[in-house]
Amino acid sequence: MVVDLIPGLDGALGVNDGPAAVVVDGRSIDLGGLASAAAAVASRVVGLPAVAVDASAALETVIAVVGALMAGVPVVPIPPDAGPLERDHILRDCAAPAVLVAAAAQDKWELEQIAVDVEQRADWDEAGSVDLLPDRIAMILYTSGTTGLPKGVMLSAAAIARDLDLLAEAWAWTPDDVLVHGLPLFHVHGLVLGVLGALRVGSPLVHTGRPTPVAYAEAVERRGGSLLFGVPTVWSRIAADHDAATSMRRARLLVSGSAGLPVPVYDQLQSLAGQGPVERYGMTETLITVSGRAAEARRAGWVGRPLSGVETRLVDDDGHPAPTGPDQVGALEVRSPTTMSGYLNRPDETAVITTPDGWIRTGDVACIDDGGWHRIVGRQSTDLIKSGGFRIGAGEVEAALLAHPAVREAAVIGVPDPDLGQAIVGYVVATSITGPELCEFVAATLSIHKRPRRVELVAELPRNAMGKVQKQLLVADEG
Ligand code: MLC
Ligand code: AMP
């Protein structure tokens with residue numbers, strides 16, 4: 001077997017001139033070409049403990065990821081706009097000795113660069129033998145926590161395969177579909193579901209480069225897109241674009257996830273596109289665990305029922321089982337065959353998020369009704385922000401602000417935003433500096449979406465008697 005996650009690659013090696021299997025930003029490759037170009041990558045990386053991938057929205061990224069999977073080497077996607085602080089942290093933490101890049105000799109990398117060539121073709125035999133144990137780690141995805149630098153979530157090939165199969169079942173996803181999205185290729189949504197999902201199911205993928213309404217509409221109209229993935233920001237921008245929204249009438253299924261879909265956006269799409277999106281819920285640590293079903297009625301504001309084999313429960317503040325019912329709120333825990341193998345190098349943090357009996361504490365607050373439908377009501381901590389579907393730890397942005405010599409104190413919050421869900425806002429005690437200058441300062445170290453949209457200079461931060469910053473007061477002031 002060439003790669004257990006993508007069974008279709010086996011028979012594709014050496015087959016030329018098939019239909020396009022993957023299109024990224026207008027450039028395409030057929031399955032045989034992908035298998036052979038990936039085999040060339042596999043032969044270069046086989047035996048490495050892990051390999052980084054410069055995960056720009058490009059065909060090379062897809063080939064790089066498939067090649068590393070073929071070689072049995074854990075893939076570590078790096079956001080292409082990651083600032084030096086973030087990038088250096090990930091590379092040091094995962095200890096990847098090389099990075100797969102679209103074009104060699106880029107200044108930003110201080111480790112060996114291996115250029116991916118879309119035109120290169122190789123036989124799999126050249127890559128040598130690999131360990132195909134199903135519990136081997138296929139990917140390490142870095143994601144924010146409430147404090148500190150991002151953590152590497154280790155995902156096994158078995159967990160990924162299971163999740164993709166459950167989602168294919170839930171969404172009636174078959175090779176007859178054409179999947180369309182334009183999401184980043186370094187997170188679960190765009191990479192695991194959006195690339196590996198399409199390859200595993202065998203449905204062609206059209207990645208639009210960026211997830212704009214016009215690009216989604218064109219992919220449906222001109223390329224037969226039938227299944228579309230988006231974060232709520234993408235769906236709200238489509239809903240606001242009459243022509244793009246009505247193009248969606250030709251699609252079979254729209255799917256929304258990574259953050260809560262506002263009910264008015266669902267309603268607008270229902271009216272313009274003839275269907276509201278199916279919602280699904282998950283997190284990097286668990287993969288997708290709860291979803292609506294293609295064949296069942298949708299409910300705006302609810303994220304669906306657990307996938308088969310997934311267990312969920314609500315607990316109270318003491319961790320004891322809490323009652324369920326449409327208005328009963330509790331902390332959501334998940335136990336699933338799709339969950340992570342742990343945080344890389346962080347057994348203590350793995351123990352914090354996992355209960356002794358194997359449930360993951362999601363940090364989300366939810367209701368479960370009598371039919372098993374889930375509604376996500378909020379988060380337990382104000383320190384995890386979701387902006388445009390990106391998960392951002394307030395602590396990471398605060399540390400970046402505090403690195404400026406003029407800044408004495410910093411508190412970062414997410415404030416409601418009609419387009420992004422939440423926008424990042426910093427409150428800072430500082431002298432002789434402006435808010436925009438501090439935004440630029442953060443931009444020099446972290447990725448673009450982690451940059452505060454606004455930094456407010458204040459004389460002091462609100463604190464309680466213990467001296468802890470009262471972020472709820474800052475959030476309330478913004479409201
Ligand atoms: C962005 N910009 C900023 C900025 N942030 N400028 C100044 N200050 C800031 N803080 C720039 C951008 O670079 C862009 O510039 C322009 O402003 C518009 O930015 P934007 O409003 O953020 O829009 P856009 O860049 O189009 O991004 C919106 C988006 C993006 C929806 C496309 O947020 C996105 O890709 N989200 C997907 C996140 C995702 O995949 N999450 C999945 C996590 S996995 P320019 O010049 O470039 O136009 C997961 C599991 C699960 O959650 O359940 O799925
Ligand atoms: P990430 O690790 O980036 O995948 O983020 C996971 C978090 O995204 C979850 O803990 C939720 O807070 C949020 N999330 C994902 N999907 C949904 C959804 N459909 N509705 C509400 N929140 C969601």
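Contact, as used below, means heavy atoms within 4.5 Å. The exercises concern a predicted model.

**Exercise 1. Determine where Ser 203 lies, whether Ser 203 is buried or exposed, and which residues are in contact with Ser 203.**

Step 1. Ser 203 is found in the loop that runs between α6 and β10.

Step 2. Its relative accessible area is 3%. Buried means under 20%, so Ser 203 is classed as buried.

Step 3. Once neighbours within four places in sequence are set aside, the contacts of Ser 203 are Trp 173, Thr 174, Pro 175, Asp 177, Leu 179 and Ala 198.

Step 4. With one of these residues, Trp 173, the side chain of Ser 203 forms a polar contact of 3.0 Å.

**Exercise 2. Describe the surroundings of Glu 86, beginning with the helix that holds Glu 86.**

Step 1. Glu 86 belongs to helix α4, residues 84-94.

Step 2. With a relative accessible area of 3%, Glu 86 is buried.

Step 3. Apart from neighbours within four places in sequence, Glu 86 is in contact with Pro 79, Glu 396, Thr 445, Leu 446, Ser 447 and Lys 450.

**Exercise 3. Establish which residues of helix α13 are buried and how they are placed around the axis.**

Step 1. Helix α13 spans residues 435-443, and its buried residues are Gly 435, Leu 438, Cys 439 and Val 442.

Step 2. These residues lie on the same side of α13, because the arc they cover around the axis is only 105 degrees.

Step 3. The spacing can be read against a general rule: an α-helix has 3.6 residues a turn, so residues three or four places apart point the same way.

Step 4. Pro 436 and Glu 440, on the other side of α13, are exposed.

Step 5. The packing partners of the buried residues of α13 are α12 (394-402), β23 (407-417), β24 (421-430) and β25 (454-457).

**Exercise 4. Identify the buried residues of helix α7, the elements that cover them, and the residue that follows the helix.**

Step 1. In α7, residues 213-223, the buried residues are Pro 213, Ala 215, Tyr 216, Ala 217, Ala 219 and Val 220.

Step 2. Their cover includes the strands β9 (179-181), β10 (205-207) and β11 (227-230), together with the helices α8 and α9 (242-247).

Step 3. Gly 224 follows α7 and has a positive phi, near 70 degrees.

**Exercise 5. Characterise the site of ligand 1 by its polar contacts, its burial and its shell.**

Step 1. Ligand 1 is surrounded by 21 residues, of which Ser 258, Arg 280, Gly 388, Gly 389 and Arg 451 are the closest.

Step 2. Two side chains supply polar atoms to oxygen atoms of the ligand: the side chain of Ser 258 has an N or O atom 2.6 Å from an oxygen atom of ligand 1, and Arg 237 has a polar side-chain atom 3.1 Å from an oxygen atom of ligand 1. The backbone also takes part, with a polar atom of Gly 389 lying 2.9 Å from a nitrogen atom of ligand 1.

Step 3. Of the 1,100 Å² that ligand 1 exposes when taken alone, the protein buries 73%.

Step 4. The elements that give two or more residues to this shell are α6 (188-201), α8 (232-239) and β13 (278-283).

Step 5. By class, the shell comprises 8 nonpolar, 7 polar and 6 charged residues.

**Exercise 6. Carry out the analysis for ligand 2, and state which element gives the most to its shell.**

Step 1. There are 16 residues around ligand 2, and those that come nearest are Arg 280, Thr 284, Asp 364, Lys 386 and Arg 391.

Step 2. A polar side-chain atom of Arg 391 is 2.4 Å from an oxygen atom of ligand 2, and one of Thr 284 is 2.7 Å from an oxygen atom of ligand 2. Ser 258 has a backbone N or O atom 3.3 Å from a nitrogen atom of ligand 2.

Step 3. On its own, ligand 2 has 490 Å² of accessible area, and the protein covers 90% of this.

Step 4. Two or more residues of the shell come from each of β13 and β20 (374-379). The element that gives the most is β13, with 5 residues.

Step 5. The shell around ligand 2 divides into 5 nonpolar, 5 polar and 6 charged residues.

Notes
Residues numbered from 1 in each chain as written. Chains lettered and ligands numbered in written order. Predicted model: local features only at pLDDT ≥ 70, side-chain atom pairs only at ≥ 80, totals over all residues. Heavy atoms only, no water. Near = heavy atom within 4 Å. Polar contact = N/O pair within 3.5 Å; in protein donor to acceptor, adjacent residues only side chain to side chain. Areas by Shrake-Rupley, 256 points an atom, 1.4 Å probe, with all protein chains shown as cover. Helix = DSSP H or I, 4+ residues; strand = E, 2+ residues; numbered from the N terminus. Nonpolar A, V, L, I, M, F, W, Y, C, P; charged D, E, K, R; others polar. Buried < 20%, exposed > 50% of the residue type's maximum accessible area, 1.4 Å probe, protein only. Arc of directions from axis to C-beta.
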